[in-house]
Structures are given as structure tokens and as C-alpha cells.
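Trainee: Please take me closely through the metal site of this model, and then through the strands that pair elsewhere in the chain.

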Amino acid sequence: MKALVYHGPGIRSYDEKPMPILKDSTDAIVRVTKTTICGTDLHIMKGDVPTVTDGRILGHEGVGIIEQIGGNVLNFQIGDHVLISCISSCGRCANCKKGMYSHCENGGGWILGNLIDGTQAEYVRIPFADNSLHAIPAEADEETLVMLSDILPTGFECGVLNGQIKPGDTVAVIGAGPIGLAVLLTAQFYSPAAIIMVDNDSNRLDVAKRFGATQVIHNDLGNAAEKIMALTNNRGVDVAVEAIGIPSSFDICQEIVTAGGHIANVGVHGKPVQLNLDKLWSHNITLRTGLVDTFTTPMLLKTVMSGKLQPQQLITHHFTMDEVMQAYDTFGDAMKEEALKVIISNKIMSEKVKSAPTALGRTILEQEAFKEELLVNDSPGG
Ligand code: ZN
Ligand code: ZN
């Protein structure tokens with residue numbers, strides 16, 4: 001099969017790799033129908049994630065069809081349409097029992113496209129399939145659900161829930177990339193009074209306005225903190241969400257958090273940051289960090305199915321798997337390309353899926369053809 005393979009910092013290629021095989025009785029082999037590239041993959045390409053070694057297939061997001069299952073997979077069958085969680089988890093260890101799946105003690109956590117081969121391939125082995133896959137409802141849109149593998153649960157759990165956003169709050173999100181925008185979308189479940197988005201990219205700020213930001217701040221002069229203090233009559237914000245992962249954006253959060261407020265860190269940090277306890281010690285603030293646990297994925301799936309949450313708005317570009325190298329170039333130059341999330345599709349459909357009728361009365365293959373027609377008429381990227 002073909003896959004996107006990491007060969008050390010700055011080096012990737014589209015290689016022929018052996019098909020994955022079942023290793024444990026709780027594994028499933030999933031034929032990936034759609035996947036995407038994450039900001040984390042770009043961090044890996046820069047060499048920021050030393051656990052990823054030469055020869056690793058990247059990717060931790062996607063949807064697909066189960067091709068094989070181990071003897072102890074109880075919740076799924078061959079042919080099931082599934083959403084792949086970015087976090088694999090046994091569901092049985094002490095941390096999993098607390099819902100802290102990212103720290104699964106039996107070898108789970110963020111392992112896909114990191115410690116084991118990932119989803120930017122035709123097939124992927126999913127460990128602990130019962131707990132690491134979610135069944136996809138028949139009428140669901142696959143592309144939309146790719147947003148549920150990582151960015152929506154990450155934005156919601158690490159930004160909104162850890163920030164304890166409440167009705168009437170003033171919220172600032174530093175960083176309007178896909179994760180910052182996922183925070184913006186899911187923060188609105190709680191009706192905050194104001195959501196201020198900060199970024200250096202005008203296009204992303206325009207998108208943020210469309211997604212419900214009440215104010216946007218272009219941080220061109222690095223004075224976003226001053227501007228936020230001015231906007232809030234020097235009161236500051238109840239919740240400051242760090243969604244980039246660099247010291248300067250964490251500093252903004254420390255400057256703008258009001259007394260009794262929360263800082264929620266979502267960004268992946270590669271360097272230490274300074275914690276200004278000389279100012280914050282008396283301010284009754286709460287600082288939360290965390291890797292996504294994906295315990296909210298079933299809830300988010302329901303909000304997507306009901307139409308309350310529309311994460312498909314984040315998709316800007318479409319590629320096929322044989323164009324995955326180009327997809328990386330586009331996503332890697334996101335500002336110029338105006339890219340948010342890219343969808344990468346594997347074209348070949350299995351016989352079973354081809355003939356499975358959807359809720360709309362079309363077979364899935366017909367639906368794919370129909371969507372491709374739509375794409376020709378309404379080209380992505382805008
Ligand atoms: Zn990701
Ligand atoms: Zn576990």
C-alpha cells in the first residue's frame with residue numbers, strides 16, 4: 001500500500017509500505033477513506049517530536065471501513081464505517097477508568113502516527129479498537145467527521161472545558177488556526193458574552209468573524225495584550241486560551257487574565273515559558289494544561305449530527321492520497337494558501353461499501369461521485 005512516511009526532520013516521501021497486520025486480538029485494520037494533516041504533523045516534520053522515528057507513517061486523524069478485526073473486538077464488525085480517534089486507549093487501566101485516555105497505562109495515548117504507523121495511508125492498524133473507534137451514523141458526512149478525530153475534541157476539552165467557559169464570560173483565544181477555531185466553535189455552546197480572536201493572519205481572522213468571534217485582533221505589532229485590555233476597560237478576560245504553543249502567546253494570556261480567571265493551554269510547546277507568579281500569585285487564577293482525552297467525542301458527534309456544530313466550515317482544500325506530498329506543501333504554507341484543514345481521500349471503495357445504500361438513497365460510491373461533481377462546480381480553497 002502507499003503511505004506518507006517520515007524520514008527524519010524535513011524529509012518525507014510517499015512510499016510503498018507493507019499492509020498492516022493484526023498484532024493483538026483487540027486490534028482492527030481499517031481501510032482509511034479520508035484523513036487529514038494536523039499542525040502536529042508539521043511539528044513532527046520540523047523534528048520537534050523526537051518519539052517519531054525514521055520510517056514512521058504519519059497521521060492520527062481519519063475515517064474508514066473496518067477490513068479485519070481481532071478475536072476480542074466486540075463492538076465492531078468487518079465493514080463497519082468508523083471514526084478513528086487520535087487517542088488510542090485500553091479503557092481498562094486506572095487512567096482510562098478516570099476518562100484520562102491520553103495517559104492510558106497499557107500502551108495507549110497518542111500513539112498513532114507517533115509511536116506506531118498512522119492514518120496517512122491506505123490502511124491502518126488501530127489498537128484497542130473497541131475503545132479507539134466510534135461508529136459513524138449512516139447519514140453522516142465523512143469529511144465533517146474527520147474534524148472529530150482530533151481538533152474538535154482538543155479545542156473543546158483543552159480550551160473550553162479546561163477554561164471553564166460560562167455564559168456571559170469574556171473569552172480570548174490566542175491563535176486562530178484550526179484548533180483555535182475549534183475552540184471558537186465549541187465555546188459557543190456556553191454563550192460567552194464576547195470571544196476575542198487574536199492572530200497574525202488576516203484570512204484566519206476573517207474566518208473567525210464568520211464563525212462567531214465578536215472581536216478580532218491582528219497581532220502585527222505584538223501589542224495584542226494592550227488591545228485586549230483596552231477592549232475590556234482594563235478588566236481583562238475571564239478565560240484566556242493559548243492555541244499556538246509559543247512563549248509570546250502564553251505571555252499574552254498571563255497579561256490579560258482577570259482576577260479569578262482561567263488560562264487554558266492548548267498549544268504544543270517546544271520551549272519553556274516564563275510563569276509571572278510575581279503578578280499572578282494574588283489573582284486567584286487557574287492554569288490548566290492537558291492532552292486531549294477524546295472523552296467528549298460521542299457528545300460532539302451528536303452535536304454535529306444535529307447540525308448545531310458545523311465543523312465542515314474548517315475544510316478548505318481537497319486532495320487524493322497520491323497528492324499527499326502536495327497537500328503537505330499547501331498545509332505547510334497555510335497563510336499563503338489560506339488553508340485550514342485539508343481532506344485527503346483514498347479513492348478505491350470496497351465492494352461492500354459500494355453497494356451499501358445511504359440514508360439519501362444513493363450508494364456511497366454514487367454519493368462520492370456526486371460530491372466530486374459538486375467540487376468541480378464549487379472549487380475548494382476559498
Ligand atoms: Zn491532530
Ligand atoms: Zn488504558
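Mentor: Cys96 and Cys104 are both buried, that is, under 20% relative accessible area (exposed is over 50%, partly exposed lies in between; 1.4 Å probe, protein chains only). This is a predicted model, in which local features need pLDDT of at least 70, side-chain atom pairs count only at pLDDT 80 or more, and totals for chains, interfaces and linings use all residues. Residues are numbered from 1 along each chain as its sequence is written, chains are lettered from A and ligands numbered from 1 in the order in which they are written, and side-chain values use heavy atoms, with hydrogens and water left out.

The two cysteines belong to the site of the zinc ion (ligand 2), whose protein donors are the SG atoms of Cys90, Cys93, Cys96 and Cys104, at 2.3 to 2.4 Å. Donors are N, O and S atoms within 2.8 Å of the metal (3.2 Å for Na, K and Ca); water is not among the atoms, so sites may look incomplete. Along the sequence the donor residues follow the spacing C-x2-C-x2-C-x7-C. The angles among the 4 donor atoms run from 100 to 121°, and the site is tetrahedral, a label that requires all angles of four donors to lie between 85 and 135 degrees. The ideal angle for four tetrahedral donors is 109.5 degrees.

Now the strands, beginning with β3. Strands (E, at least two residues) and helices (H or I, at least four) are DSSP runs numbered from the N terminus, and two strands pair if DSSP finds at least two bridges between them. In β3 (residues 28-35), 8 of the 8 residues are buried, so the strand is largely enclosed by the rest of the structure. β3 runs antiparallel to β5 (residues 62-69), joined by 7 bridges, with Val32 partnered by Gly64. With β7 (residues 123-126) β3 pairs in the antiparallel sense over 4 bridges, and there Arg31 has Tyr123 as bridge partner. Strand β16 (residues 341-345) is also antiparallel to β3, through 2 bridges; Thr35 stands opposite Ile344.

A further sheet is open and parallel, its 6 strands ordered β11-β10-β9-β12-β13-β14. β11 (215-218) and β14 (286-288) are at its edges with a single partner strand each, so one side of each has no neighbour in the sheet. Within this sheet, β9 (residues 170-174) and β12 (residues 237-242) pair in the parallel sense over 4 bridges, and Ala172 is matched with Ala240.

Key:
Tetrahedral: all angles 85-135°; square planar, octahedral: opposite > 155°, others 65-115°.
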